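Here are some notes from my read-through, set out as numbered points. Have the structure open while you go through them.

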Amino acid sequence: MQSLHTVTTQYGGVSGIKTSNGILTFKGIPYAAPPVAANRFQPPKPPMPWTGVKDATKYGATPPQLTPKAGPFAELLPNVVIPGDDYLNLNIWTSDTTEKKPVMVFIYGGAFVLGSGAVPAYDGSNFARDGVVLVTINYRIGIEGFLWFGDGVPNLGMLDQIAALKWIRDNISNFGGDPDNVTIFGESAGGMSVCTLLAMKEAQGLFRRAIAESGAGHSVISPSSAKLIGTRLAEILGVAPTREAIGEVDIEKVFAAQDQLSSEIMAKPLVELWGEVAFNLMPFEPVVDGHLLTATPIECIANGAGKDVEILIGTNSEEFRLFLVPDGILSKVTDSALNIAASAYGLSEKSIQTYRTNRPDSSPGDVLSAIITDWFYRIPALRVAEKHEKTYVYEFAWGSPACNNLLGACHGVELGFVFDNLTNTGFTKMLGNHPPQQLATTVHKAWVDFATNGNPGWDIYDTHNRISMRFDVVSQITVDDRSDERSIWDGIR
């Protein structure tokens with residue numbers, strides 16, 4: 001049986017639900033003013049205080065984005081879109097409002113163009129069950145958060161994340177959380193956001209620990225690349241290359257133009273057309289503007305940014321299969337295509353052969369997936385661990401039986417285990433029937449333990465021991481796993 005529970009914030013009271021299992025949930029709480037009208041393309045402003053008690057029993061609006069398309073990819077990672085202007089909001093799960101419990105703040109992925117904290121699969125009840133106050137946040141994505149021509153304030157999506165963390169610092173104690181023990185964690189673009197926050201002075205002191213899942217410190221672009229992207233978007237729309245002009249266009253037309261832009265980048269991933277975006281194929285991402293973000297996050301981390309923050313970082317063993325398997329691309333990769341693509345990433349014929357030799361029964365698509373997984377995910381994560389003294393490393397290796405047992409340990413597959421939400425309908429297509437609960441118990445506990453005391457249960461990574469936890473049905477410590485493939489990337493950007 002559910003009952004209502006009211007908590008006071010600095011802007012007004014909110015009324016959440018106490019569920020039958022004793023968990024308190026508060027949803028759709030605004031941490032900033034709606035970023036529309038005069039507030040559009042501006043840094044986040046505080047919300048207006050309200051009188052009375054605001055209903056916080058349902059998810060609030062989500063950031064503007066493309067409506068999820070039907071198809072295998074959308075089925076594997078279901079998204080949700082809730083219309084409304086007041087979408088800079090957050091959601092909280094807690095077991096009570098009195099104790100000072102560790103706080104975990106989840107930042108969603110979606111290539112900086114999709115996602116929200118309202119995705120039902122990100123339900124934080126099981127974190128609250130285990131003594132954590134779990135928060136999911138929204139932030140501006142796509143053109144709203146990362147379109148920039150060099151004028152005005154850049155990186156609005158990152159500033160939203162910082163505003164949410166400041167709200168949490170100032171209010172979370174009323175929900176039973178300890179503002180001095182905050183762990184940020186995110187997956188994919190959320191993991192990239194985590195590493196970007198580590199590099200930003202504006203975010204210093206707002207969190208104690210950081211977990212980056214399948215996203216590290218290399219996925220940012222230069223101002224020149226941002227201008228290339230914005231200019232082409234304006235050309236598609238037939239308007240002047242400014243945020244204000246693009247902001248005047250009907251949002252559905254902007255989404256269609258974003259879609260066309262992404263297709264053009266995929267068709268011709270050329271540096272002269274798109275700058276750094278030609279490599280990671282994400283047109284909207286944080287910009288190294290020289291002020292809010294002074295260098296790439298990995299460079300900032302190497303120079304001491306976030307040196308007092310404890311980090312847990314890792315990847316899945318077969319990340320890129322998510323982008324090759326569902327639409328049948330994996331089986332269409334030829335030996336010639338493998339060699340051309342791998343060469344574009346800087347690999348020699350000898351290096352390509354190393355990957356082939358280590359996978360003697362694999363197809364060219366399997367080998368290509370392994371190479372891109374390392375380039376895009378695994379090696380950037382290890383670079384963070386190499387440059388930061390307080391870093392733990394993991395690899396998630398359990399393979400999903402979905403897509404006729406081809407999906408494997410792909411991008412995003414760890415999320416159901418991290419949240420201990422294996423039975424949530426948002427994960428069923430991705431995980432198949434009967435995913436191992438004991439693995440979810442193990443992974444979830446490591447995240448909770450790290451947020452609680454800074455130790456997930458194994459030793460810190462360094463360039464001498466290269467210790468990592470390999471999560472699988474039987475989890476185990478590894479030491480410099482696949483060192484021959486790791487060393488291939490030394491000296492390659």
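1. Let's start with the largest cavity, which has a volume of about 150 Å³. Its lining is made up of 16 residues, and the closest to its centre are Arg378, Leu382, Val393, Glu395 and Ser468. Bear in mind throughout that this is a predicted model.

2. Which elements give two or more residues to that lining? They are β10 (310–316), α15 (364–387) and β11 (391–396). As for chemistry, the lining of the largest cavity has six nonpolar, four polar and six charged residues.

3. With 30 Å³ as the lower limit, the count is two cavities. The second largest cavity comes in at about 40 Å³. Around it you'll find Pro64, Gln65, Val113, Ile141, Gly142, Ile143, Glu144, Ile251, Phe255 and Gln258. Both α3 (142–146) and α8 (251–267) put at least two residues into this lining. Sorted by type, the lining of the second largest cavity gives six nonpolar residues, three polar and one charged.

4. Now for a pocket, as opposed to a cavity. The second largest pocket holds about 590 Å³ of space. It is lined by 23 residues, with Gly217, His218, Ser219, Ile298 and Arg493 the closest to its centre. By type, the lining of this pocket splits into twelve nonpolar, six polar and five charged residues.

5. Which helix makes the largest contribution to the lining of the second largest pocket? That's α15, with six residues. At least two residues each come from α10 (277–280), α11 (297–302) and α15. Note that α15 turned up earlier too, as one of the elements lining the largest cavity.

6. On to the aromatics, where the count is 24 pairs. One of them is Phe376 with Tyr377, a tilted pair with 4.7 Å centre to centre and 45 degrees between the planes. Are these two residues buried or exposed? Phe376 and Tyr377 are both buried.

7. There's also an aromatic cluster worth pulling up on screen: Tyr392, Tyr394, Trp447, Phe450, Trp458 and Phe471 belong to it.

8. Last, a couple of lysines whose charged ends sit over rings. For Lys27 the ring is that of Tyr59, and the charged end is 4.2 Å from the ring centre. Lys54 does this over Trp50, with its charged end 4.7 Å from the centre of the ring.

Key: Residues are numbered from 1 along each chain as its sequence is written. This is a predicted model: local features need pLDDT of at least 70, side-chain atom pairs count only at pLDDT 80 or more; totals for chains, interfaces and linings use all residues. Side-chain values use heavy atoms; hydrogens and water are left out. On a 1 Å grid over the protein atoms alone, a cavity is a set of points where a 1.4 Å probe fits but cannot get out, and a pocket is an open set with protein on both sides within 12 Å along at least five of seven lines; lining residues have an atom within 4 Å of a point. Grid points are joined across faces, edges and corners, and a volume is the space filled by probe spheres set on the points. Helices (H or I, at least four residues) and strands (E, at least two) are DSSP runs, numbered from the N terminus. Ala, Val, Leu, Ile, Met, Phe, Trp, Tyr, Cys and Pro count as nonpolar, Asp, Glu, Lys and Arg as charged, and the others, Gly among them, as polar. Rings of Phe, Tyr and Trp (its six-membered ring) pair if their centres lie within 6.5 Å; planes under 30 degrees apart count as stacked, over 60 as edge-to-face and the rest as tilted. Buried means under 20% relative accessible area, exposed over 50%, partly exposed in between (1.4 Å probe, protein chains only). A charge sits over a ring if NZ of Lys or CZ of Arg is within 6 Å of the ring centre and within 35 degrees of the ring normal.
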